[in-house]
Amino acid sequence: MFKEGDTIDVAGTSIGKGFQGGIKRHGMKRGLMTHGSKTHREHGSIGAGTTPGRVYPGLKMAGQMGNVRITVKNLPILKVDPSRKALVLKGSVPGKAGTILEMSPAKHVGHNW
């Protein structure tokens, strides 16, 4: 089905990293470490007060990182080994060694091909 030179999309489950804070999960900045600061790695304010009286959806906060399905797009096939039923790809694929991956022909989204 696949041959050398083709590009494919590879989908799988990414490596889980557990419960992470905002700095590692979203690349937020940290607070001052000295001069009397009491917020070193905390997130800060999560919204206004009485109005709107709620937290807006989609706010970046600490939480579970990784262990989600992701798709890496447009990976070129370097070599096909039919005897071992193996593909050699250029680039990284989601998950750790032994993860089951789903491969499909590349959709080339955003190109005028």
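Me: What makes I8 and D9 contacts of K73?

Reply: In this predicted model, K73 touches I8 and D9, with residues up to four places away in sequence left out of the count. A contact requires heavy atoms within 4.5 Å, and both I8 and D9 are listed as touching K73. K73 itself is placed in strand β4.

Me: Why is K73 called partly exposed?

Reply: Its relative accessible area is 49%. Buried means under 20% and exposed means over 50%, so the 49% of K73 falls in between and the residue counts as partly exposed.

Me: How far is K73 from G49 in space?

Reply: The C-alpha atoms of K73 and G49 are separated by 42 Å, while the two residues are 24 places apart along the chain.

Me: How do you know which strands belong to the sheet, and in what order?

Reply: The open sheet holds 4 strands in the order β5-β4-β1-β6, with antiparallel pairing. β5 (86-89) and β6 (102-105) stand at the edges, each with a single partner strand, so each has one side without a neighbour in the sheet. On average, neighbouring strands are turned by 50 degrees against each other, direction ignored.

Me: What makes β4 and β5 a pair?

Reply: At least two bridges are required for pairing. Strand β4 (residues 69-81) and β5 are joined by 4 bridges and run antiparallel, therefore the requirement is met. For K79, the bridge partner in β5 is V88.

Me: What is notable about phi of K85?

Reply: Most residues other than glycine have a negative phi. K85 is not a glycine, yet its phi is positive at about 55 degrees. K85 sits in the loop between β4 and β5, and the hairpin of these strands has 4 residues between them.

Me: Why is K85 called exposed?

Reply: The relative accessible area of K85 is 77%. The limit for exposed is over 50%, so K85 qualifies.

Me: What is the sign of phi at N67, and where does N67 lie?

Reply: Phi of N67 is positive, near 55 degrees, and N67 is a residue other than glycine. N67 is placed in the loop between β3 and β4.

Me: Is the peptide bond from T51 to P52 cis or trans, and what is its omega?

Reply: The bond is cis, with omega near 10 degrees. Most peptide bonds are trans. P52 belongs to the loop between α1 and β3.

Me: What makes the pair K3 and D6 a salt bridge?

Reply: A side-chain nitrogen of Lys or Arg has to be within 4 Å of a carboxyl oxygen of Asp or Glu. In K3 and D6 the N to O distance is 3.5 Å, so the pair passes. The structure holds 3 salt bridges.

Me: How do you know that K3 is exposed?

Reply: The relative accessibility of K3 is 54%, and exposed means over 50%. K3 lies in the segment before β1 (7-13). Its contacts beyond four places in sequence are I77 and V80. The C-alpha atoms of K3 and L78 are separated by 8.7 Å, with their positions 75 residues apart along the chain counted as the spacing.

Me: What makes R69 and E102 a salt bridge, and which parts of the chain does the pair link?

Reply: The side chains meet at 3.1 Å, N to O, and the limit is within 4 Å. The pair links distant parts of the chain, with R69 in strand β4 and E102 in strand β6, 33 residues apart. R69 counts as exposed at 55% relative accessibility, whereas E102 counts as partly exposed at 45%.

Me: Why do D81 and R84 count as a salt bridge?

Reply: Their N to O distance is 3.0 Å, and the cut-off is within 4 Å, so the pair counts. R84 is exposed, its relative accessible area being 66%.

Me: What makes I46, V55, L59 and M61 a patch?

Reply: These residues form a nonpolar patch on the surface, with about 280 Å² of accessible area together. Members need over 30% relative accessible area. L59 has 38%, so L59 clears that limit while counting as partly exposed. L59 lies in the loop between α1 (22-26) and β3 (63-65).

Definitions and conventions:
Residues numbered from 1 in each chain as written. Predicted model: local features only at pLDDT ≥ 70, side-chain atom pairs only at ≥ 80, totals over all residues. Heavy atoms only, no water. Helix = DSSP H or I, 4+ residues; strand = E, 2+ residues; numbered from the N terminus. Axes fitted to C-alpha atoms, helices over the stretch in contact; angles between N-to-C directions. Patch = residues over 30% accessible without salt bridge, like charges linked within 9 Å, V, L, I, M, F, W, Y side chains within 5 Å. Areas by Shrake-Rupley, 256 points an atom, 1.4 Å probe, with all protein chains shown as cover. Buried < 20%, exposed > 50% of the residue type's maximum accessible area, 1.4 Å probe, protein only.
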